[in-house]
Amino acid sequence: MTHSRGVSMPAKVMIIGASSGIGKALATQLASEGVNLGLTARRIELLEELQTELTHQFNVQVDILPMDVAHFQKSADGFKVLLTQMGRVDWIIVCAGLGYINPDLDPAKELETIQVNASGFVNLASRAFQYFKEQGGGHFIGVSSIAALHSSRHAPAYNASKALISNYMKALRYKADQEHLNIYITDIRPGFVDTAMAQGDGVFWAASPE
């Protein structure tokens with residue numbers, strides 16, 4: 001891995017949304033480089049499988065915690081618990097999200113998307129920023145999407161939620177610079193990735209999570 005502005009490989013990384021897709025691939029990549037991990041997801045059974053796999057294969061410390069980012073207070077409490085278990089954390093990565101192809105604008109699907117991708121993200125991103133501010137530094141990474149730059153008639157709430165994520169991270173970057181904080185903010189914007197969220201036939205240039 002290469003990092004800009006002199007950011008070195010972390011010793012400990014928390015990944016929120018690590019049971020599948022990009023989050024799982026990131027966990028595996030980081031563990032292979034000797035990074036100790038704290039992993040969260042809704043599906044505890046998948047976390048347990050990943051924990052066993054990574055600890056046996058790479059001999060790293062892997063703490064796990066079930067978390068549903070749509071439940072704001074519970075996820076905030078879980079965030080604190082996992083921080084306590086891990087001790088100092090160098091990077092916090094938020095991968096949790098969902099998306100629907102929703103041409104009929106089913107309100108339930110639109111609102112669920114906003115609740116998870118936008119409100120759930122802001123709840124944890126703001127807490128991560130405060131944690132790094134109190135700690136004296138760190139690196140916050142959010143997995144947004146190229147969808148942040150475009151609207152879509154097929155998935156309006158998904159694209160809008162990704163635009164919020166990217167703009168929120170831009171604001172955090174401005175805040176860190178203005179306050180002269182040693183906090184790095186990285187907005188990752190993948191195109192189509194071969195995960196459950198890449199729905200439909202003939203998805204253009206879909207990359208593997210790895």
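This passage describes aromatic ring pairs and one buried acidic residue in a predicted model.

A pair of aromatic rings is described by the distance of the centres and the angle of the planes. In this model, 3 aromatic pairs are present. One of them joins F121 and Y168, whose ring centres lie 6.4 Å apart. The planes of these two rings stand at 85° to each other, and the pair is therefore classed as edge-to-face, a term applied to angles over 60 degrees. The pair brings together distant parts of the chain, as 47 residues separate F121 from Y168. F121 belongs to helix α4, which covers residues 107-135, whereas Y168 belongs to helix α5, which covers residues 156-178.

The two partners also differ in their exposure. F121 has a relative accessible area of 3% and is thus buried, while Y168, at 24% relative accessibility, is partly exposed. Buried residues are those under 20%, so F121 falls within this class. Beyond this pair, F140 joins F121 and Y168 in a cluster linked by ring pairs.

Helix α4 also contains E110. This residue is buried but forms no salt bridge. Its nearest side chain of opposite charge is that of K109, at 8.6 Å; a salt bridge requires a distance within 4 Å, so K109 does not qualify as a partner. A polar atom of the E110 side chain does, however, lie 3.3 Å from the backbone nitrogen of A157. When neighbours within four places in sequence are left aside, the residues in contact with E110 are N102, L105, P156 and A157. A157 thus appears both among these contacts and as the residue whose backbone nitrogen faces the polar side-chain atom of E110 at 3.3 Å.

Conventions:
Residues are numbered from 1 along each chain as its sequence is written. This is a predicted model: local features need pLDDT of at least 70, side-chain atom pairs count only at pLDDT 80 or more; totals for chains, interfaces and linings use all residues. Side-chain values use heavy atoms; hydrogens and water are left out. Rings of Phe, Tyr and Trp (its six-membered ring) pair if their centres lie within 6.5 Å; planes under 30 degrees apart count as stacked, over 60 as edge-to-face and the rest as tilted. Helices (H or I, at least four residues) and strands (E, at least two) are DSSP runs, numbered from the N terminus. Buried means under 20% relative accessible area, exposed over 50%, partly exposed in between (1.4 Å probe, protein chains only). Lys and Arg count as positive and Asp and Glu as negative; His and the chain ends are not counted. A polar contact is a pair of N or O atoms within 3.5 Å; within protein, one must be able to donate a hydrogen and the other to accept it, and residues adjacent in sequence count only if both atoms are side-chain atoms. Contact means heavy atoms within 4.5 Å.
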